[in-house]
Each structure stands twice: as structure tokens, then as C-alpha cells.
Amino acid sequence: MKAIIIAAGSSSRLKNFTESSPKGLLEINGQTIIQRQIEYLRNNGINDIVIVTGPNADCFDFKDITYVHDHDYEQHDVLGSLMAAKNHMNDGFIMLYSDIVFDESILKSILNFKGKIGIAVDMDWKKKYEKRTEHPITEADNVLIQSGKITHTKKFIPEINSGVIGEFMPLMILSSSGANIFVKMFEKLEKTHKGKFHEMPSLKKAVLTDMFQELIDSQIIVSPIIISGKWYEIDTPQDLEMVKKKIN
């Protein structure tokens, strides 16, 4: 199993902290976010690690890591950044964003997944937004689960009468066949799709939840992996300060 860490974002809301260094290199109580991620990955037998870089790529100096530079990071969003590493996806992979801090137990539960395409879903997600005023609940990447299956993914799904709503924690795992499905669909879309793409104005601006919805609409199963444990995504200065108080 290989890991791909997406670290190509510009981190505009944290610009006072990330003008000269990527967000994944922010220090949380003596350890950078990516250092912590690499440690957990290696603890669990994943030593083949790829980091997709964007601005300030020269700041990365982790040993025994493969680096892929996303030259077009200003033109597309996270889906495009992930696909910059598509040549590293042949044997399946686990993907994570460079700005998430989480319990190692969550990674273990992801690695136990036996299907083709699985995404981490937090069902106890709302309480994290109670004091998160700089990143409100309307910005949550939600997942609608009906009869045990993901039927919809988008930015903030309001309460509905059927199904349950969770939040996509930016961790996913694809088997070799799942990765093949994912890559082939993206390559087909690149050649044929025009105009709006699900929640985004174009394929270039698409995020992962848009791609999940495309897969689901094409009758491809995207399985929820229900996780438990602490995790935090660092998008704002407020997030950074809160996480420093909660993580050892």
C-alpha cells in the first residue's frame, strides 16, 4: 500500500502563517502536521509515501519520500492536485490531506477496509463546529448515507427525513481495481466533460466530493468507513489555536 499526501494548496486563510511555508509544515506542539502523518503511516507498514507539492515546494526535506510537484496548482483544486500523482496509483493507495491531525486508530480502521473505494466518514461531526466561527458548519463536506450506502456527497447537506448525514474526513483508500476505476473515469472526464461539474463551475475546480458524486451517479460504490476518534482539519488561525490545545 502506498500513501499520497496532498500538500499543494495555497492556504489563503492561513496566509500569515503560510506565506513562506506550506500548511502541512505548520508545527503542532513540537511536530509538524506531515511529520505526524508520516510517523503514523510508517508505524502501520506504509513506507512508500508520495507528497504532492505546490507553492514553497522547496521547503520539504523529508527523507525517503517521493515528491510530485503540481505545476498547475493555481489552475485547479484538490482533485487536480491528486491526479498530478496518478502515475503512482497503480497498486492502490491511501490518500490524505496535509492539513489533518488525527488519532492513529483512525488510520488503522481505514487500512482494514477490504472494498474498492472507501472514504472516512465521521458521524459525530457537528460538535466540532460549535466554536468554529471562522469555518462554519455550512462549509462541511457532507455525506448522505441511505440503507448503508453513500448516495450523495456535497458541501453541507441539511437535515432530511431519510438517511443519515456524516462528514467526509479527508482520508480515502482505493484498492488497485478501485484506483484503476478512479483514474480511468477522471481521464475520460478530462477528454469529454464541459461546463459545470456537480458543485463546481468546472472539472478543473472540482474537489473530491464532486468526484465521489460522479462515481456514485455512474453506479460505482463509494463505501463509507465510519471512523471514531479525534481528528481536526486546520483551515484557519482559529483552527490552529484550537488544535494546539487539544493535541499532545
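This report looks at one helix, two loop residues and a surface patch in a predicted model.

Residues are numbered from 1 along each chain as its sequence is written, and side-chain values use heavy atoms, with hydrogens and water left out. Because the model is predicted, local features need pLDDT of at least 70 and side-chain atom pairs count only at pLDDT 80 or more, while totals for chains, interfaces and linings use all residues.

Let's start with helix 7, which spans residues 237–246. Helices (H or I, at least four residues) and strands (E, at least two) are DSSP runs, numbered from the N terminus. Gln 238, Asp 239, Leu 240 and Val 243 are the buried residues of this helix; buried means under 20% relative accessible area, exposed over 50%, and partly exposed in between (1.4 Å probe, protein chains only). Their packing partners are helix 1 (15–18), strand 2 (27–28), strand 7 (100–102) and strand 13 (231–233), where contact means heavy atoms within 4.5 Å.

Next come two loop residues worth a look. Most residues other than glycine have a negative phi. Asn 29 and His 198 are listed here with their positive phi values.

| Residue | Phi | Loop | Relative accessible area |
|---|---|---|---|
| Asn 29 | near 50 degrees | between strand 2 and strand 3 (31–32) | 42%, partly exposed |
| His 198 | about 55 degrees | between helix 5 (176–192) and helix 6 (208–217) | 23%, partly exposed |

Finally, to the surface. Met 123, Val 164 and Ile 226 make a nonpolar patch of about 240 Å². Patches are made of residues with over 30% relative accessible area and no salt bridge (a side-chain nitrogen of Lys or Arg within 4 Å of a carboxyl oxygen of Asp or Glu); like charges are joined within 9 Å, and nonpolar side chains (Val, Leu, Ile, Met, Phe, Trp, Tyr) within 5 Å. Accessible areas come from the Shrake-Rupley method with a 1.4 Å probe, and for residues, only the protein chains shown count as cover. Val 164 lies in strand 11 (residues 164–174) and is partly exposed, at 46% relative accessibility.
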